[in-house]
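Please read the following report alongside the sequence and the three-dimensional view. It moves from one side chain to the whole chain and then back to selected positions.

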Amino acid sequence: MADTQSARAGRGTAGEQDKPQRSVRVVILALMIAMMLAMLDNMIVGTAMPTIVGELGGLEHLSWVVTAYTLATAAATPIWGKLGDMYGRKGAFMTSIVLFLIGSALSGMAQNMGELIGFRAVQGLGAGGLMVGVMAIIGDLVPPRERGKYQGMMAGVMALAMIGGPLVGGTITDNWGWRWSFYINLPLGAVALLLISAVLHLPKKRAEARIDYLGAGLLTVGITSIVLVTTWGGTEYAWSSARIMELIALGLVALTGFVFWQTKAAEPVLPLHIFRSRNFTLMSVIGFITGFVMFGATLFLPLYQQSVQGASATNSGLLLLPMLGAMLVTSMVAGRVTTDSGRYKIFPILGGALMIVGLYLLSLMDTDTSRFTSGLYMAVLGLGMGCLMQVTMLVAQNSVEMKDMGVASSSATLFRTLGASFGVAIMGALFNHRVQDVMAERAGAGGAKVTEQSAQLDAAHLAKLPAAIRDAYQHAVSAGTHSAFLLGAVIAVAVLIASLFVKEVPLRGGGQKPSDGVAEATPAPIAEAV
């Protein structure tokens, strides 16, 4: 009898222990949906752009549909992180989802290009809190030592978004109309909201200090100026134009003022003391360069394969499968090894080395390179990025106190976003310049005229060109991608150098005391946090 009661008690205890674990899995599912919303949006909308312009007009303002979203996202990212630290992550995260969904609904109802741009900015403000919220909540729920289990899931969501985005966007636009490119976010966001509201229970916070409005304003001006410089430089305005110089000056003044004010503010938006941790500063540098390389690669690889190798634009996401598949596998392996051993320094070093090799191999591609060969080169780059993508966030979060988890997550996200902006701008400028030069060399004035408006021609335009000019353009694109990837390889050397100086601090949750300036704070146990 006593044994029977003991067995029942044991089963009851096991059931009680399983319940928090199930709750965590439900929360992670909701977080992955929110992460998917953030990553999928621009890729779906990008596919619908020609149809949108055809209905709303305003071709001259087309770039602002993307720029407004990017600007708002970058500017809002650090602010959402701080709000979560001050007032609680659950409320801040759910608010960002609601704002994102409002922006999505309004964008779907837009009647002209001006309205669409404004509503995209609202959507971007919400999107700024989605990725930060996901990372910070996972940081609250799961100790760093255990967090590697979820790296593969996050990498899988990223790969799925990058591969499936263009396909989903094309299908939605063709069958339901472009407005559903925005409306599709509503049911997914509603599911995420319901799950988080029902299952996620984090300690409530209420900071006595007021929000640092001056710091937030200065940072917003600084980030906006930087993003506009990288967006407009070499396209809307010449790099040496007065407008670009004004934006650079404004950005420098705003960011200098921001850094000074953060030393005085009672509750700074971005506490500068987090940069005293060597590991956090190094991860910020590595995250910036990873963003620089990754988004540059995802821009030029499909362009090369469409223009030079004759691939279909409709399946442009599938062209990246070797890189994204390798990134997914490596990220899962890195996460599992980190969880099992607690060791992680090898991955940034290995990632930096593989990234350099992969980018150098991609720079060797020419008009005769087969799809199989370019796929192998992409896989090498993907292996390198897989070693870096999630480890940078993991180490950054492990390098700060729990009270700064939000700003650490938002800072890591911001640096990667800014790296992407610089990567697209600088690699794009180099690509365009090289294409123009080679077109002039191979096809004379007629060739240069073809690409004077844009060095990136789609398949429809390319098919209409005379054979000689089309051949010249294919050589020009090969030369442009060579220069862009070679620049990426040189810049990626900084990742390898920075990784060598990373200090392998024991991950919290592994039975070790934190060091390297990290306070004796550990994440709330899963059973208590959920």
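## Threonine 73 and its surroundings

Is threonine 73 buried or exposed? In this predicted model, threonine 73 has a relative accessible area of 16%, and because the cut-off for a buried residue is under 20%, threonine 73 counts as buried.

Threonine 73 belongs to helix H2, which covers residues 62–87. When residues up to four places away in sequence are left aside, threonine 73 touches Gly124, Ala127 and Gly128. Gly124 also takes part through its backbone, since its oxygen lies 3.2 Å from a polar atom of the threonine 73 side chain.

## Overall architecture and confidence

The protein contains 18 helices and zero strands, and of its 530 residues 53% are buried. Among contacts between residues at least 6 apart in sequence, 82% join residues that are at least 24 apart. The protein exposes about 22,000 Å², of which carbon and sulfur atoms supply 65%.

The average pLDDT of the protein is 80, and 83% of the residues score at least 70. Among the elements, helix H13 (residues 346–363) has the highest mean pLDDT, 94, whereas helix H18 (residues 526–529) has the lowest, 38. Over residues 4–18 the pLDDT stays under 50, and the model has one contact for that stretch beyond four places in sequence. Residues 510–530 likewise have a pLDDT below 50, but this stretch has 47 contacts in the model beyond near neighbours in sequence.

## Helix H13 and what covers it

How does the span of H13 agree with the value expected from its 18 residues? At 1.5 Å a residue, H13 should span 26 Å, and its end C-alpha atoms are indeed 26 Å apart, so the two values agree.

The buried residues of H13 are Phe347, Pro348, Gly351, Gly352, Met355, Ile356, Gly358, Leu359, Leu362 and Ser363. The cover over these buried residues includes helix H11 (278–307), helix H12 (321–341), helix H14 (371–398) and helix H17 (467–500).

Leucine 364 is found in the loop between H13 and H14. With a relative accessible area of 41%, leucine 364 is partly exposed, and its C-alpha atom is separated by 9.4 Å from that of alanine 479, although the two residues are 115 apart along the chain.

## An aromatic cluster

The count of aromatic pairs comes to eight. In one of them, the rings of tryptophan 180 and tyrosine 183 have their centres 5.4 Å apart and their planes at 85°; because planes over 60 degrees apart count as edge-to-face, this pair is classed as edge-to-face.

Both residues of that pair, tryptophan 180 and tyrosine 183, lie in helix H7 (residues 180–183), where they are three residues apart, about one turn of the helix. An α-helix has 3.6 residues a turn, so residues three or four places apart point the same way. Ring pairs also bring in Trp176, linking Trp176, Trp180 and Tyr183 into a cluster. Tryptophan 180 counts as partly exposed, at 38% relative accessibility.

## Positions that meet across the sequence

Alanine 494 is placed in helix H17 and is partly exposed, with a relative accessible area of 32%. Between alanine 494 and isoleucine 289 there are 7.9 Å from C-alpha to C-alpha, while the two are 205 residues apart in sequence. Isoleucine 426, in helix H15 (residues 405–450), is partly exposed as well, with a relative accessible area of 36%. Isoleucine 426 and glycine 296 are 130 residues apart in sequence, with 8.9 Å between their C-alpha atoms. Not counting residues up to four places away in sequence, isoleucine 426 touches Phe292 and Leu487.

Phenylalanine 501 lies in the loop between H17 and H18. Why does phenylalanine 501 count as exposed? The cut-off for an exposed residue is over 50%, and phenylalanine 501 has 51% relative accessibility, so it counts as exposed. Even so, phenylalanine 501 touches Arg278 and Leu282, residues up to four places away in sequence being left out. The C-alpha atoms of phenylalanine 501 and arginine 278 are separated by 8.4 Å, while 223 residues separate them along the chain.

Definitions and conventions: Residues numbered from 1 in each chain as written. Heavy atoms only, no water. Helix = DSSP H or I, 4+ residues; strand = E, 2+ residues; numbered from the N terminus. Buried < 20%, exposed > 50% of the residue type's maximum accessible area, 1.4 Å probe, protein only. Polar contact = N/O pair within 3.5 Å; in protein donor to acceptor, adjacent residues only side chain to side chain. Contact = heavy atoms within 4.5 Å. Phe/Tyr/Trp six-rings, centres within 6.5 Å; stacked < 30°, edge-to-face > 60°. pLDDT = per-residue confidence, 0-100. Expected span 1.5 Å × (residues − 1). Areas by Shrake-Rupley, 256 points an atom, 1.4 Å probe, with all protein chains shown as cover.
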